[in-house]
Amino acid sequence: MLFRTHIVFSLAVYFLLAYFLEMPFFVLGFVLFAMAFVDIDIKNSKFGNHWYFRPLQWMTKHRGVLHSLVACVFLSLAVGAISLWGGFGFFVGYVSHLFLDCLTRSGVKLFWPFNWKVRGFVKSGGIVEEVIFVLFLLGDIGLFVWGIIEIV
Ligand SMILES: [Zn+2]
């Protein structure tokens with residue numbers, strides 16, 4: 001999935017959670033950070049193009065261990081040990097990333113170390129992804145405007 005699709009989707013998840021939960025605003029930062037973090041295992045992702053991620057990329061494969069529930073839970077607990085809300089936001093962003101990647105044809109080894117893949121029918125960067133992107137972009141704008149109307 002494209003970076004922008006991950007952004008609009010994780011924003012929508014955050015907006016929905018913020019509607020039901022009384023959570024501090026900084027949680028959004030952790031949501032977005034985790035959402036972007038998952039793809040540092042690939043060289044040509046938004047953040048993965050930094051040289052200091054190379055050793056990690058040699059060790060892990062793209063959509064390997066970082067794209068798994070094991071890494072998601074372990075890293076979220078680690079962040080949560082420092083800040084509970086931060087860990088929660090990190091978990092939400094991570095899961096939102098994994099969920100979208102599970103819809104793609106190339107799939108995700110969600111239950112790593114098991115090799116079994118969860119996959120869908122969406123082609124990364126294809127027409128279905130564009131539709132998902134536009135829908136969630138409009139949804140985000142709607143939720144944002146609605147949020148402002150509620151405050152005012
Ligand atoms: Zn990914």
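Modeller: A residue counts as buried if 20 or more other C-beta atoms lie within 10 Å of its own. Keep that cut-off in mind. This is a predicted model.

Colleague: Let me try it on a loop residue. Is Asp41 buried or exposed?

Modeller: Apply the cut-off. Asp41 has 21 C-beta neighbours inside 10 Å, so Asp41 is buried. Its place is the loop between α2 and α3 (54–59).

Colleague: Which residues does Asp41 touch, beyond those up to four places away in sequence?

Modeller: Asp41 touches Gly48, Leu56, Gln57, Thr60, His62, Gly64 and Leu66. Leu77 is another matter. It lies 36 residues from Asp41 along the chain, and their C-alpha atoms are 20 Å apart.

Colleague: Now a helix. How many C-beta atoms surround Tyr14 and Val13 within 10 Å?

Modeller: Tyr14 has 23 others within 10 Å, so Tyr14 is buried. Val13 has 17, so Val13 is partly exposed. Tyr14 lies in helix α1, and so does Val13.

Colleague: What do Tyr14 and Val13 contact, leaving aside neighbours within four places in sequence?

Modeller: Tyr14 is in contact with Leu28, Val31 and Val92. Val13 touches Val92 and Ser96. The C-alpha atoms of Val13 and Ser96 are separated by 7.4 Å, with their positions 83 residues apart along the chain. Tyr14 and Gly107 are 93 residues apart along the chain, and their C-alpha atoms are separated by 24 Å.

Colleague: Which residues of α1 are buried, and what covers them?

Modeller: Thr5, His6, Phe9, Ser10, Leu11 and Tyr14 are buried. Their cover includes α2, α5 and α6.

Colleague: How do I read the span of a helix, say α1?

Modeller: Compare the end-to-end distance with the expected one. The 18 residues of α1 should span 26 Å at 1.5 Å a residue, and the end C-alpha atoms are 26 Å apart, so the two agree. Helix α6 has 25 residues and reaches 36 Å, close to the 36 Å expected.

Colleague: How many residues of α6 are buried?

Modeller: One of the 25, so α6 lies largely in the open.

Colleague: And helix packing? How do α1 and α6 cross?

Modeller: Look at axis distance, angle and hand. The axes of α1 and α6 (residues 127–151) come within 9 Å and cross at roughly 35°. The crossing is left-handed. On the α1 side the contact is made by Arg4, Thr5, Val8, Phe9, Leu11, Ala12 and Phe15. Among the α6 partners are Ile132, Phe133, Phe136, Leu137 and Leu143. By class, this contact has ten nonpolar, three polar and three charged residues.

Colleague: What about the core? Which members touch the most others?

Modeller: Start with the general idea. In soluble globular proteins, nonpolar side chains tend to be buried together. Here the largest nonpolar core has 21 residues, and Val31, Ala34, Val38, Tyr94 and Leu98 touch the most other members. The elements giving it two or more residues are α1 (3–20), α2 (27–37), α4 (69–82) and α5 (84–102).

Colleague: Which residues does Leu98 touch, beyond four places in sequence?

Modeller: Leu98 touches Val38, His67, Cys72, Val108 and Leu110.

Colleague: One last item, the backbone. Where is the cis peptide bond?

Modeller: Read omega. The bond joining Trp112 and Pro113 is cis, with omega about 10°. Pro113 sits in the loop between α5 and α6.

Methods
Residues are numbered from 1 along each chain as its sequence is written. This is a predicted model: local features need pLDDT of at least 70, side-chain atom pairs count only at pLDDT 80 or more; totals for chains, interfaces and linings use all residues. A nonpolar core is a set of buried Ala, Val, Leu, Ile, Met, Phe, Trp, Tyr and Cys residues joined through C-beta atoms within 7 Å. A residue is buried if 20 or more other C-beta atoms lie within 10 Å of its own, exposed if 12 or fewer, and partly exposed in between; C-beta atoms are placed from the backbone. Helices (H or I, at least four residues) and strands (E, at least two) are DSSP runs, numbered from the N terminus. Two residues are in contact if their C-beta atoms, placed from the backbone, lie within 7 Å. Axes are lines fitted to C-alpha atoms, for helices over the stretch in contact, and angles run from 0 to 180 degrees between N-to-C directions. A crossing is left-handed if the near helix is turned anticlockwise from the far one by less than a right angle, and right-handed if clockwise. Ala, Val, Leu, Ile, Met, Phe, Trp, Tyr, Cys and Pro count as nonpolar, Asp, Glu, Lys and Arg as charged, and the others, Gly among them, as polar. The expected span of a helix is 1.5 Å times one less than its number of residues.
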